[in-house]
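Student: Can we go through this model together? I'd like the helix packing, then the pockets.
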Amino acid sequence: MRLILNVIWLVLCGLWMALGYIVAGIICCILIVTIPFGLASFRIAAYALWPFGRTVVDRHDAGAASTIGNVIWFLFAGLWLAIGHVLTGVALCITIIGIPLGVANFKMIPVSLMPLGKEIVELP
């Protein structure tokens, strides 16, 4: 079931959302100081391509620097990526088949807003 959902996700919205994260990551890597944001963006892009069967958990070793970084991320990229998830999620929820994909889009909003201090892990 995960494979079917991931393939449908990739075709309907995963590729476009991942491209948004990749663009944000490239811009962050060009501005040398924001390379950690770029790496986080690339990590989320991989998650946005193939989300079913994986989840996001908090890292316990994340400190105050990740909180400050998340505030900066929210202002420059997080808000716009979260808006993309909301719009895509609403569009997917219009059809019955798209409801699970829309819900998955809504579940990705917190990590798109605050990616630092998070880790993407495989589900058993």
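Tutor: Definitions come first. Axes are lines fitted to C-alpha atoms, for helices over the stretch in contact, and angles run from 0 to 180 degrees between N-to-C directions. Helices (H or I, at least four residues) and strands (E, at least two) are DSSP runs, numbered from the N terminus. This is a predicted model: local features need pLDDT of at least 70, side-chain atom pairs count only at pLDDT 80 or more, and totals for chains, interfaces and linings use all residues. Residues are numbered from 1 along each chain as its sequence is written, and side-chain values use heavy atoms, with hydrogens and water left out.

Student: At what angle do the axes of H1 and H2 cross?

Tutor: Roughly 170°. H1 covers residues 2-30 and H2 residues 35-49, and their axes come within 8 Å. That makes H1 roughly antiparallel to H2 (angles over 145 degrees count as roughly antiparallel, under 35 as roughly parallel, 65 to 115 as roughly perpendicular, the rest as oblique).

Student: Which classes of residue make that contact of H1 with H2?

Tutor: The contact has 18 nonpolar, 4 polar and no charged residues. Ala, Val, Leu, Ile, Met, Phe, Trp, Tyr, Cys and Pro count as nonpolar, Asp, Glu, Lys and Arg as charged, and the others, Gly among them, as polar.

Student: Switching to pockets. What volume has the largest pocket?

Tutor: About 320 Å³. A pocket, on a 1 Å grid over the protein atoms alone, is an open set of points where a 1.4 Å probe fits, with protein on both sides within 12 Å along at least five of seven lines; lining residues have an atom within 4 Å of a point. The volume is the space filled by probe spheres set on the points, and grid points are joined across faces, edges and corners.

Student: Which residues are closest to the centre of the largest pocket?

Tutor: Tyr47, Pro51, Arg54, Thr55 and Lys107, out of 17 lining residues. H4 supplies the largest share of the lining, 4 residues. By class, the lining has 11 nonpolar, 2 polar and 4 charged residues.

Student: And how much space lies in the second largest pocket?

Tutor: About 210 Å³. Its 13 lining residues include Ala24, Ile27, Cys28, Phe76 and Ala77, the closest to the centre. H3 gives the most to this lining, with 6 residues. The lining has 12 nonpolar, 1 polar and no charged residues.

Student: Last topic, the whole fold. How many helices and strands?

Tutor: There are 5 helices and 2 strands. From the N terminus on, they run α-α-β-α-α-α-β.
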